[in-house]
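Student: I've got a model open and I'd like to talk through its charged pairs and one of its helices. Can we start with whatever catches your eye?

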Amino acid sequence: MGIMESRLIHGTVGFAIGDALGLPVKRQNAAELTAAPVTTMKGYGTFSQPAGTYSDETGLALAGLDALQHGFDEQALIKAYQAWFTAGKYAPYGKRSPDIWPSIETALKTGQSVAAAKEPGALIRILPFAFFAYQTFDTSLFQKAEGVKVLETFVHITNQDAENLVAAGIYMQIAVELLGTTPDLSSAIATGINKAGSYFGTTQPYQPIFEAFQAALADDKWPDGSATDPISLLARTLKALQSKPDYHDAVLQTVNQGGATDTTGALVGGLAGLTYGYTSLPHRWCLMLAEYAQIVDLCRQAENSGFFPKYD
């Protein structure tokens with residue numbers, strides 16, 4: 001298997017690079033970033049971390065990827081997340097970034113997930129699950145009761161709120177469509193929303209949340225850069241992907257809107273990497289990314305597990 005063919009590597013590395021681009025400017029606003037925009041990978045800033053350092057978004061995604069290569073096991077997922085939280089496993093150079101969403105911290109400290117509709121705790125973990133779901137359910141997870149149950153279990157590890165389930169489910173289905181036969185990003189977004197909507201748009205309490213997402217996506221105005229709820233972050237992600245035709249411009253556009261820049265950078269980067277492939281990822285950013293070789297190795301292990309699509 002070559003790195004050029006591995007969709008899992010493309011999506012995972014794209015996710016991590018977007019995270020690392022956004023981490024140094026997290027919480028800056030659009031005006032500040034207009035004056036001094038992010039144009040390449042840089043370090044320090046908000047959390048005083050070296051260039052290429054990724055945050056909780058990627059650490060949790062890698063933990064999930066590792067656990068899911070052995071099949072879906074809720075306790076194994078929790079154990080992997082705990083290893084990241086307590087020991088820095090999957091973190092850059094074995095040291096977890098101080099950045100963490102409070103709902104995730106609560107869940108990993110207490111063992112009890114909470115409803116946190118203003119935080120994307122499940123949305124940021126969903127990308128590896130999308131690959132697992134495609135291998136297990138093809139593109140039909142929402143047509144199968146078992147598939148919906150597995151998705152709900154995955155989300156509820158850290159987040160009990162309906163907003164995270166809806167946002168994570170839509171993002172997952174778009175990724176799944178890209179892994180299937182959907183020919184382009186625009187079609188994958190439309191088909192993914194429609195398939196997720198066949199469940200969320202007809203089921204309470206998800207229906208009003210799904211309708212709010214549709215309204216946010218259709219609105220000519222971009223979501224407020226300071227918004228941290230999963231629906232706003234998902235709408236912002238898809239708008240960036242729809243407005244820019246390549247990886248480089250899409251991730252930089254969303255990062256330079258400010259706010260939760262590591263989160264939106266990662267979310268845009270994951271789908272853009274999956275869409276445009278390895279050659280779309282700027283080589284210098286790959287070289288600067290912390291733990292790049294280890295991330296690639298973990299992806300290769302997952303592809304050989306039987307629980308992820310294999311590209312050879």
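Tutor: Sure, and keep in mind that this is a predicted model. Start with Asp262: its relative accessibility is 0%, so it counts as buried.

Student: Which side chain does Asp262 meet in a salt bridge?

Tutor: The cut-off is 4 Å between a side-chain nitrogen and a carboxyl oxygen. Asp262 sits in helix 13 (residues 261–276), and its partner is 236 residues apart, in the loop between helix 1 and helix 2. With N to O at 3.5 Å, that partner is Lys26.

Student: Is Lys26 buried or exposed?

Tutor: Buried means under 20% relative accessible area. Lys26 comes in at 7%, so it counts as buried.

Student: What other salt bridge does Lys26 make, and how far apart in sequence are the partners?

Tutor: Lys26 also meets Asp99, at 3.0 Å from N to O, and Asp99 is buried too. Lys26 lies in the loop between helix 1 (7–22) and helix 2 (30–35), while Asp99 lies in the loop between helix 4 (74–87) and helix 5 (102–110). The pair therefore ties together parts that are 73 residues apart in sequence.

Student: What separates Lys109 and Glu105 along helix 5?

Tutor: These two form a salt bridge as well, with their closest N and O atoms 3.2 Å apart. Lys109 is exposed at 58%, whereas Glu105 is partly exposed at 26%. They are 4 residues apart in helix 5, so the separation is about one helical turn.

Student: Which residues are joined into one network by salt bridges that share partners?

Tutor: Look for a residue that turns up twice: Lys26 pairs with Asp99 and with Asp262. The network therefore consists of Lys26, Asp99 and Asp262.

Student: On to helix 9: what arc do its buried residues cover?

Tutor: The buried residues include Leu185, Ala188, Ile189, Gly192 and Ile193. In an α-helix, residues three or four places apart point the same way, because there are 3.6 residues a turn. The buried residues lie on the same side of helix 9, since their arc around the axis is only 155°.

Student: Which exposed residues does the face turned away from the buried side of helix 9 carry?

Tutor: The buried residues pack against helix 7 (145–156), helix 8 (162–179), helix 10 (207–218), helix 11 (230–243) and helix 13. Turned away from that buried side are the exposed Ser186 and Asn194.

Student: Which residue caps the N-terminal end of helix 9?

Tutor: Check the backbone nitrogen of Ser186 for a side-chain oxygen. There's one at 3.1 Å, and it belongs to Asp184.

Methods:
Residues numbered from 1 in each chain as written. Predicted model: local features only at pLDDT ≥ 70, side-chain atom pairs only at ≥ 80, totals over all residues. Heavy atoms only, no water. Helix = DSSP H or I, 4+ residues; strand = E, 2+ residues; numbered from the N terminus. Buried < 20%, exposed > 50% of the residue type's maximum accessible area, 1.4 Å probe, protein only. Arc of directions from axis to C-beta. Contact = heavy atoms within 4.5 Å. Polar contact = N/O pair within 3.5 Å; in protein donor to acceptor, adjacent residues only side chain to side chain.
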